[in-house]
Amino acid sequence: MGRCILTTGRIAEKPYRIRVIDRNVYTVEELCYSIAQCASFLDEDFMDHQLLVWLEESCELAELASQLRSLLRGRCAVEDFASVLLLYVGYQSTAEIERIRASISSGKGMEPFHRRLSEAKFAASRGHITQAIELMDGIEAELPELEREMRGRIWAEKGLLYAQGFRYAEAADCYGKAWRLSGSRQNCVRYLAALRFSIPEEEYKTFIDEHPELEDPARELA
């Protein structure tokens, strides 16, 4: 006999995707668990209108969606938005929710990482490529383990720098990592383009034959 799993609202047929950690959730309990895991790098992007639609329509939590919508109209802080959601669901204890709130508040989301990436891109624009790559490596090393979106952006930026320097093997490696993190078709095409320049044509064709899932983006390079 299977276990009985209690949830607030209903289990959604279609998931909500938490972009910052590239994770699908089907219940508000899964959402609360994920918030706790990535609290230190939640930012204003988390206060997403689509999240409210998902809560209202997929989870049948109209009251919660209404409360959160009212907060958005008042331009609330991320920690306030998350606290109302967590308290409503009651998945974590009050003490745990306070710790999550403090982590969101002290972490200041991804803003410092975005600022440092802008500094790295500026260094690259001035021709200081080695410095820019070192700055990006430093950011990537400090990112929280679960964070995927910024990590993917950094690998894509590094891929661009290597490609501009005709270092196509390194560019392919970076774009490949960016594509796997982001699922972006653009990064996939860039990965294949860099790969094509870095290996013999016959080897490239064999690679595409062995990976039929890449045939469609590969056509853009034909």
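# Questions about a predicted model

Visitor: Is E60 buried or exposed?
Guide: The class follows from relative accessible area: buried is under 20%, exposed over 50% and partly exposed in between, with a 1.4 Å probe and protein chains only. The relative accessibility of E60 is 52%, so E60 counts as exposed.

Visitor: What is the mean pLDDT of the chain?
Guide: This is a predicted model, in which local features need pLDDT of at least 70, side-chain atom pairs count only at pLDDT 80 or more, and totals for chains, interfaces and linings use all residues. Residues are numbered from 1 along each chain as its sequence is written, and side-chain values use heavy atoms, with hydrogens and water left out. pLDDT is the predictor's confidence in each residue, from 0 to 100. In this chain 95% of the residues reach 70 or more, and the mean is 90.

Visitor: Over which residues does pLDDT stay under 50?
Guide: Where pLDDT is low, the predicted coordinates should not be read in detail. The model has 0 contacts (heavy atoms within 4.5 Å) beyond four places in sequence for the stretch where pLDDT stays under 50, residues 1–5.

Visitor: Where is E60, and what is its phi?
Guide: Helices (H or I, at least four residues) and strands (E, at least two) are DSSP runs, numbered from the N terminus. E60 belongs to the loop between α2 and α3, just after α2. Most residues other than glycine have a negative phi. E60 is not a glycine, yet its phi is positive, about 55 degrees.

Visitor: Which residue caps the N-terminal end of α2?
Guide: The loop between α1 (28–37) and α2 (49–58) holds D48, which is buried because its relative accessibility is 14%. Apart from residues up to four places away in sequence, Y16 and R19 are touched by D48. A polar contact is a pair of N or O atoms within 3.5 Å; within protein, one must be able to donate a hydrogen and the other to accept it, and residues adjacent in sequence count only if both atoms are side-chain atoms. A side-chain oxygen lies 3.2 Å from the backbone nitrogen of Q50, and the capping residue that supplies this oxygen is D48.

Visitor: Which elements do the buried residues of α2 pack against?
Guide: In this helix L51, L52, V53, W54 and L55 are buried. The buried residues of α2 pack against β1, β2 (23–25), α1, α3 (62–73) and α4 (78–89).

Visitor: How many aromatic pairs does the structure hold?
Guide: Rings of Phe, Tyr and Trp (its six-membered ring) pair if their centres lie within 6.5 Å; planes under 30 degrees apart count as stacked, over 60 as edge-to-face and the rest as tilted. By that rule the number of aromatic pairs is 5.

Visitor: Why is the pair of Y16 and W54 classed as it is?
Guide: The ring centres of Y16 and W54 are 5.8 Å apart and the planes stand at 35 degrees, so the pair is tilted. The pair joins distant parts of the chain, with Y16 in strand β1 (residues 16–18) and W54 in helix α2, 38 residues apart. Y16 is buried because its relative accessible area is 8%, and W54, at 5%, is buried too. The class asked for is tilted.

Visitor: Which residues form one aromatic cluster with F166?
Guide: F166 and Y168 make an edge-to-face pair, 6.2 Å centre to centre with 75 degrees between the planes. F166 is exposed because its relative accessible area is 63%, while Y168, at 21%, is partly exposed. The loop between α8 (149–164) and α9 (168–182) holds F166. Its partners in the one aromatic cluster are Y168 and F197.

Visitor: Which element gives the largest share of the largest nonpolar core?
Guide: A nonpolar core is a set of buried Ala, Val, Leu, Ile, Met, Phe, Trp, Tyr and Cys residues joined through side-chain atoms within 4.5 Å. The largest has 35 residues, and L31, L51, W54, L55 and L85 have the most contacts inside it. Elements giving two or more residues to this core are β1, α1, α2, α3, α4 and α5 (94–107). The largest share, 6 residues, comes from α4.

Visitor: Which residues is L117 in contact with?
Guide: L117 lies in helix α6 (residues 111–125) and is buried because its relative accessible area is 1%. Without its neighbours within four places in sequence, the contacts of L117 are M136, I139, M150, R153, I154 and E157.
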